[in-house]
Amino acid sequence: MRGYIARRAAAFVVTLLVVSLLVFVVVRVLPGDPALIIIGPDGSPEAAARLREAMGLNRPIAVQYAEWLTGALRGDLGKSLQYDVPVGRLIVSRLPVTLPLAFMAATLMVVTALPLGLFAARHHRRVGDYLAMVVSQIGIAVPGFWAGLLLILLFSVHLGWVQSGGFAGWSTGLWPGIRSLLLPAVALGLFQAAVLVRATRSSVLDVLREDYVRTARAKGVSELSALAKHTLRNALIPIVTVAGLQLGQLVAGAIILESVFALPGLGRLALGAITARDLPVVQGVTLFVASSIVFINFAVDLLYVVLDPRIRYD
Amino acid sequence: MGAAITALLLATAALSLVYTPRDPLKMSITGRLQGPSGPHPFGTDQYGRDVLSRVMRGTVTSIAVGVIAVGIGAALGMLIGILSGYAGGALDEGFMRLVDAIQGFPAILSALLFAAVFTPGIALSMVAIGIAFVPAFARLTRAGFLELREREFVVAARALGAPDRRLIARHILPNTLPPLIVQATTSFPVAILAEAGLAYLGLGTQPPNPSWGLMLREAQNFLSMNPWFAVFPGGAIALTVLGLNLLGDGLRDLLDPKAA
């Protein structure tokens, strides 16, 4: 088990290094001169030269990368050109919106997909299965941001139950904050659940055909126990794999949903930074989000050890 | 059903190149934000442009981005997969870490990064979406190569003196294609969804060109005045993705029964 974890941890660290290299190359190397992008076409050559000096762009590219990386490891992602505050602080200030949104959406995704997938597998090739599959196909086809617009149309424009967007903040209490994030979380989580429903159904169906499930049933084990204890546990690895991939998609989807619902999260921070040519912020946000997705994949790898004893004793 | 919806999509795209009920770019100040009516079955937008014509022309944008993005993802992914799976060793390990890293960049994130340094547009969305597909194609190709490179027919061809290039192109690659074709068909609707998302954020197709995602972005400001404006482009996306997914499921059953 230790060998497996050590191998995955080493791969995780190397992957993070490659992520940082990709972000750095796109922002600092591909455009040629980042100072010209920040200054814009109307900027004078003298201003560009001053900016180059201030940002350390005159030094060799390898030195720039090493300094940026060591800074990033300490939590120093540079200073925002637009807000004149550290990028790390800006990112942290937006997390109370993006993280709860992703968490609520992930919870909705799991609590919807697992029971529905189990139900579909249990009622294989019956009306319930076909209904669940139709719902899942529709869920996969509907883009989350369109679902968000339709939810605004129904609950805000027609029924007037909630505001069409904005974030009430957590300082006024838990409920106003949750209420602001409820519709985006539904739009994000329910529609991401559609893929997980299919994965759950398929994986549970495979396990239901195993001899040990038939034996458990023959010995008189209740249907609930046969499903929850004997089937779901053994079906979890493919489900967790897909759920991990969906979580990554969910983080990306949150960026769009923040725009639909005018939520001041990481996505809107990055979009605003693009308009303002605030390269350090774009660089910081993309590095943070990409690293989070790589971390989720690493966590899924570690979860395999818990779920499958064969990996533990290999 | 999937084939029928896909045929409808292709027919609409082809038709929109030669005929649309109205000029998709022609504005009319007096006919703004109208609901569905005889002259405008899908209504009009905030500039009085015919939504049906714009939805029809948006089909071309979606198909073009889908095809090119999947092409980019497949080409880069297969190249990495071939090198990784055939060579093995440190090269394989290095490429797999690169693939793991690319997996950390969904299309939206790549697009955000590229948009910071390049002008947002349809080309940017094609590249960003294509890059997001690289890991899936690379892993599938690598898995196929790892499985096939020690099989008897490959070993026999190698023993007969076949060079690496011939072994890859004639003996191994053709046998890895069925799951890759399935991957391409399942990636296509994902690309269409991603294109719509990027256009919605302003990182993809730019005005005044018609794109379903861009139309939804414009419709959001007028939800209370003309809700139909948001319904039809979104419906077009959902119907298209549904049709392509059903078609992909059918193709997977046909070409790759083990994965079905």
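**Two chains, their loops and their interface**

Pro208(B) lies in the loop of chain B that runs between helix 7 (164-201) and helix 8 (212-220). The model is a predicted one. In this loop, the peptide bond between Pro207(B) and Pro208(B) is cis. Its omega is about 5°.

Two other loop residues deserve a look for their backbone angles. Start with Arg125(A). Its phi is positive, about 60°, and Arg125(A) is not a glycine. Which helices flank it? Arg125(A) sits in the chain A loop between helix 5 (87-122) and helix 6 (127-141). Its relative accessible area is 62%. Exposed means over 50%, so Arg125(A) counts as exposed.

Now turn to chain B. Leu33(B) also is not a glycine, and its phi is positive, near 50°. The loop that holds Leu33(B) links helix 1 (2-18) to helix 2 (51-87) of chain B. Is Leu33(B) buried or exposed? Its relative accessible area is 16%. The cut-off for buried is under 20%, so Leu33(B) is buried.

Next comes the interface. Chain A brings 44 residues to the contact, and chain B brings 41 residues. Together the two chains bury about 3,700 Å². Carbon and sulfur atoms account for 81% of that area. Which residues of chain A lose the most area to chain B? They are Phe145(A), Trp146(A) and Leu149(A). Together these three make up 15% of what the chain A side buries.

Polar links can be traced across the interface too. How many salt bridges does the rule find between chain A and chain B? It finds 1. Arg198(A) pairs with Asp249(B) in a salt bridge. Their closest N and O atoms are 3.1 Å apart. Polar contacts across the interface join 4 residue pairs, with both residues at pLDDT 80 or more.

Which elements build the chain A side? Those that give two or more residues to it are helix 1 (2-29), helix 6, helix 7 (144-158), helix 10 (223-260), helix 11 (266-275) and helix 12 (279-307) of chain A. Helix 1 of chain A supplies the largest share, 10 residues. By class, the side of chain A that touches chain B has 36 nonpolar residues, 6 polar and 2 charged.

Terms used:
Residues numbered from 1 in each chain as written. Chains lettered and ligands numbered in written order. Predicted model: local features only at pLDDT ≥ 70, side-chain atom pairs only at ≥ 80, totals over all residues. Heavy atoms only, no water. Helix = DSSP H or I, 4+ residues; strand = E, 2+ residues; numbered from the N terminus. Buried < 20%, exposed > 50% of the residue type's maximum accessible area, 1.4 Å probe, protein only. Contact = heavy atoms within 4.5 Å. Buried area = accessible area lost by both parts, 1.4 Å probe. Salt bridge = Lys/Arg side-chain N within 4 Å of Asp/Glu carboxyl O. Polar contact = N/O pair within 3.5 Å; in protein donor to acceptor, adjacent residues only side chain to side chain. Nonpolar A, V, L, I, M, F, W, Y, C, P; charged D, E, K, R; others polar.
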